[in-house]
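User: Please take a close look at the salt bridges in this model, and in particular at the charged network, with enough of the surrounding fold to place it.

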Amino acid sequence: MLVGRFAPSPSGRMHLGNIYTALISYLKAKQTGGKWILRIEDIDTQRCKAEYTKVLLQDLEWLGLEWDGGPFYQTERTDLYKEAFQKLKKQNLLYDCYCTRADIMASSAPNSLFILVYSGRCKNLSLEEKARLASLRVPATRINMPNEESIVIDGHYGETKYNLARDFGDFIVRRSDGTFAYQLAVTVDDALMGVTEIVRGNDLLPSSHAQQYIYKKLGFNVPSFFHLPLLIDNSGRRLSKRDKDIDMEYFRAHFTAQELIGYILSLCGLLTRSDKVIPVSLHDALNIFDANNLPLNNINVEKTI
């Protein structure tokens, strides 16, 4: 059975891109009789607020998206991340990093993925240097990425290849404040929740390679990935909460749930475009939806709202 998931971060009101991802992931799971799990990625306690979570759940319920498991909260799963962390540590895959943000900026450079690849300056420190730096600051922990090719077959974009060391570098798995980083937490969550297919925006497609590496090192089955074209504005910028793009407050004031579903399907090219929004029920959306007909290019929404 296919098990999909939606894993939003409650750092603000959901915008159209969030709802689009939620709807497509829901339809993709339910169309095959699968399950759809809801996980609240609230591990960043400075940005994630309980009031945002409450409204997020209300917005999903308003749209009619009923989850089969959860909501699960990352802030309640720290012990699971600790256990995975220790498994990686026993394999000698982790090392302490004492670099400040300024150190990293000075010694690293962005690659073709616009990822700031860590230089590895803390990888081979002497015991004396580690002791000196430990007296000055609490270290973060990085995972040592091998110089090897990674291949992921995405369900929408096909085969992608990256070199783990060159294209990702040794990324952080635990921050200096003790919180666990995204790549580790999301991998552990998806594996232990039995997620078999991950549907999300194509900006996270490269991350699937780093996560696949962690899956394998922890002995987990690697799920399939299906990445979606992003919703963008006229400048090519993807929609975001940080930029205060049109959110669910607007859509709930101006659309019915069925109209919003129809609008999203029309953006995806699954309905004939017209000047008038065509309302579509979730039941009908399951019959209309065809993942094979989703576009590959990102979708400009400014011309449609």
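Analyst:
**The charged network and its setting**

The protein chain of this predicted model contains 11 helices and 14 strands. Its radius of gyration is 21 Å, close to the 19 Å that the globule rule gives for 305 residues, so the chain is as compact as a globular protein of that length. Along the principal axes, the C-alpha trace spans about 70 × 40 × 40 Å. Buried residues make up 50% of the 305 residues, and the accessible surface comes to about 15,100 Å², of which 48% belongs to carbon and sulfur atoms. Of the contacts with a separation of 6 or more, 75% are between residues 24 or more positions apart.

Against that background, a search of the whole structure finds 15 salt bridges. Side chains of opposite charge can pair when their charged atoms come close. A network of salt bridges links Arg5, Arg39, Glu41, Arg77, Asp189 and Asp190.

Within this network, Asp189 and Arg77 form a salt bridge in which the closest N and O atoms are 2.6 Å apart. This pair links distant parts of the chain, since Asp189 belongs to helix H7 (residues 182-192) while Arg77 sits in the loop between strand S3 (69-73) and helix H3 (78-90), 112 residues apart. Asp189 counts as buried because its relative accessibility is 0%, where the cut-off for buried is under 20%. Arg77 has a relative accessible area of 12%, so by that cut-off it is buried as well. The side chains of Arg77 and Asp189 are also joined by a polar contact of 2.6 Å. Leaving aside residues up to four places away in sequence, Arg77 touches Asp189, Leu192 and Met193.

Another pair in the network is Arg39 and Glu41, which form a salt bridge with the closest N and O atoms 2.9 Å apart. Arg39 and Glu41 are both buried.

A further salt bridge joins the side chains of Lys123 and Asp170, at 3.0 Å from N to O. Lys123 lies in the loop between strand S6 (116-117) and helix H5 (127-134), and Asp170 in the loop between helix H6 (164-167) and strand S10 (172-174), so this pair ties together parts that are 47 residues apart in sequence. The two partners can be set side by side in terms of burial: Lys123 is partly exposed, with a relative accessible area of 31%, whereas Asp170 is buried, with a relative accessible area of 5%.

For a buried polar site described by its polar contact, one may turn to His209, which is placed in helix H8 (residues 207-217). At 0% relative accessibility, His209 counts as buried, and a polar contact of 2.7 Å joins its side chain to that of Ser150. Not counting residues up to four places away in sequence, His209 touches Ser150, Ile151, Val152, Thr160, Lys161, Tyr162, Leu164 and Phe168.

The nonpolar part of the interior completes the setting. In the largest nonpolar core, which has 45 residues, Leu16, Leu60, Leu65, Leu260 and Leu294 touch the most other members. The elements that give two or more residues to this core are helix H1 (16-30), strand S2 (35-40), helix H2 (50-63), strand S12 (224-228), helix H9 (248-254), helix H10 (257-267) and helix H11 (282-288). Among these, H1 gives the most, with nine residues. Leu65 touches Ala22, Leu23, Tyr26, Trp36, Leu60 and Leu282, not counting residues up to four places away in sequence. A second, separate core of 22 residues includes Phe85, Leu93, Tyr162 and Leu218.

H10 can be followed in more detail. Nine of the 11 residues of H10 are buried, so this helix is largely enclosed by the rest of the structure. The buried residues are Ala257, Leu260, Ile261, Gly262, Tyr263, Ile264, Leu265, Ser266 and Leu267, and what covers them includes H1, H2, strand S13 (231-232), H9, H11 and strand S14 (299-300). After H10 comes Gly269, whose phi is positive, near 80 degrees.

How values were computed
Residues numbered from 1 in each chain as written. Heavy atoms only, no water. Salt bridge = Lys/Arg side-chain N within 4 Å of Asp/Glu carboxyl O. Buried < 20%, exposed > 50% of the residue type's maximum accessible area, 1.4 Å probe, protein only. Helix = DSSP H or I, 4+ residues; strand = E, 2+ residues; numbered from the N terminus. Polar contact = N/O pair within 3.5 Å; in protein donor to acceptor, adjacent residues only side chain to side chain. Contact = heavy atoms within 4.5 Å. Core = buried A, V, L, I, M, F, W, Y, C linked by side-chain atoms within 4.5 Å. Rg over C-alpha atoms; globule rule 2.2 N^0.38 Å. Areas by Shrake-Rupley, 256 points an atom, 1.4 Å probe, with all protein chains shown as cover.
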